[in-house]
Amino acid sequence: QVQPVESGGGLVQAGGSLRLSCAASGRTFSSSSMGWFRLAPGNLREFVAAISVDGRDTYFRDSVDGRFNISRDNAKNMVYLEMKNMKPEDTAVYHCVTSRRGYVGTDIRNYDSWGQGTQVTVSS
């Protein structure tokens, strides 16, 4: 089973950029789709982005589409979330997730493993 570990969070000003990394251990990484969810204080977990097994298909929540990009490097077992033109409402704990089914979508029930998360704070 793939176990994700996130890094790269921090404090950034509105309009700034940040790149999150997810190191995923486990032999099934290359057959798992990957994604990012986020949890803001007082809110439910929100789907952010997902990427298919081969990296050709990506999917974003509407509010980040055009500002965020997700990519993966199967040779290094890594997934990245590049965030640009960030807004205060992007403030949250970001979690890297995996799907052994190869699911690419918003339904949280289709993701198997979750990382501990990394804090992202966007100041206004």
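## Strands, loops and selected residues of an all-strand model

The protein contains 11 strands and zero helices, and the structure described here is a predicted model. Read from the N terminus, its elements follow the order β-β-β-β-β-β-β-β-β-β-β. The confidence of the prediction averages a pLDDT of 94 over the protein, and 100% of the residues reach a score of at least 70. Among the elements, strand 2, which covers residues 10-13, has the highest confidence, with a mean of 98, whereas strand 10, which covers residues 113-114, has the lowest, with a mean of 92.

The overall dimensions were considered next. Along the principal axes, the C-alpha atoms occupy a box of roughly 40 × 25 × 25 Å. The radius of gyration of the protein is 13 Å, which agrees with the value near 14 Å that would belong to a compact globule, because the chain has 124 residues. Of these 124 residues, 43% are buried. The surface that the protein exposes amounts to about 6,400 Å², and 44% of this area is supplied by carbon and sulfur atoms. When contacts with a separation of 6 or more are considered, 57% of them join residues that stand 24 or more positions apart. The protein carries 14 positive and 12 negative charges, and the mean positions of these two groups lie 4 Å from each other.

Two residues within strands illustrate the buried part of the protein. Cys96 belongs to strand 9, and this residue counts as buried because its relative accessible area is 0%, where the cut-off for buried is under 20%. Once neighbours within four places in sequence are set aside, the contacts of Cys96 include Pro4, Glu6, Cys22, Met34, Gly35 and Trp36, together with Ser113, Trp114 and Gly115. One of these partners, Glu6, is 90 residues from Cys96 in sequence, yet the C-alpha atoms of the two residues are 6.4 Å apart in space.

Phe37 is placed in strand 4, which spans residues 33-39, and with a relative accessible area of 1% this residue is likewise buried. With neighbours within four places in sequence left aside, Phe37 is in contact with Arg45, Glu46, Phe47 and Val48, with Val93, Tyr94, His95 and Val97, and with Thr106, Ile108, Tyr111 and Trp114. Trp114 therefore appears among the contacts of both Phe37 and Cys96, as contact is counted for heavy atoms within 4.5 Å. Ser63, by contrast, is 26 residues from Phe37 along the chain, and the C-alpha atoms of this pair are separated by 13 Å.

The loop between strand 7 (68-73) and strand 8 (78-83) holds Asn77, and Asn74 lies in that loop as well. Asn77 is partly exposed because its relative accessibility is 23%, and Asn74 is also partly exposed, with a relative accessible area of 30%. Leaving out neighbours within four places in sequence, Asn74 has contacts with Phe29 and Val53. The C-alpha atoms of Asn74 and Ser63 are 27 Å apart, although the two residues are separated by 11 residues along the chain.

The loop between strand 8 and strand 9 (92-99) contains Asn85, and Pro88 is found between these two strands too. A relative accessible area of 44% makes Asn85 partly exposed, and Pro88, at 36%, is partly exposed as well. Apart from residues up to four places away in sequence, Pro88 touches Ala14, Val122 and Ser124. Asp57 lies 31 residues from Pro88 along the chain, and the C-alpha atoms of these two residues are 28 Å apart.

The backbone angles of two of these loop residues were also examined. A negative phi is found in most residues other than glycine. Asn77, however, has a phi near 55°, a positive value in a residue that is not glycine. Asn85 likewise shows a positive phi, of about 45°, and is not a glycine either.

Notes
Residues numbered from 1 in each chain as written. Predicted model: local features only at pLDDT ≥ 70, side-chain atom pairs only at ≥ 80, totals over all residues. Heavy atoms only, no water. Helix = DSSP H or I, 4+ residues; strand = E, 2+ residues; numbered from the N terminus. Rg over C-alpha atoms; globule rule 2.2 N^0.38 Å. Buried < 20%, exposed > 50% of the residue type's maximum accessible area, 1.4 Å probe, protein only. Areas by Shrake-Rupley, 256 points an atom, 1.4 Å probe, with all protein chains shown as cover. Lys, Arg positive; Asp, Glu negative; His and termini not counted. Charge placed at Lys NZ, Arg CZ, Asp CG, Glu CD. pLDDT = per-residue confidence, 0-100.
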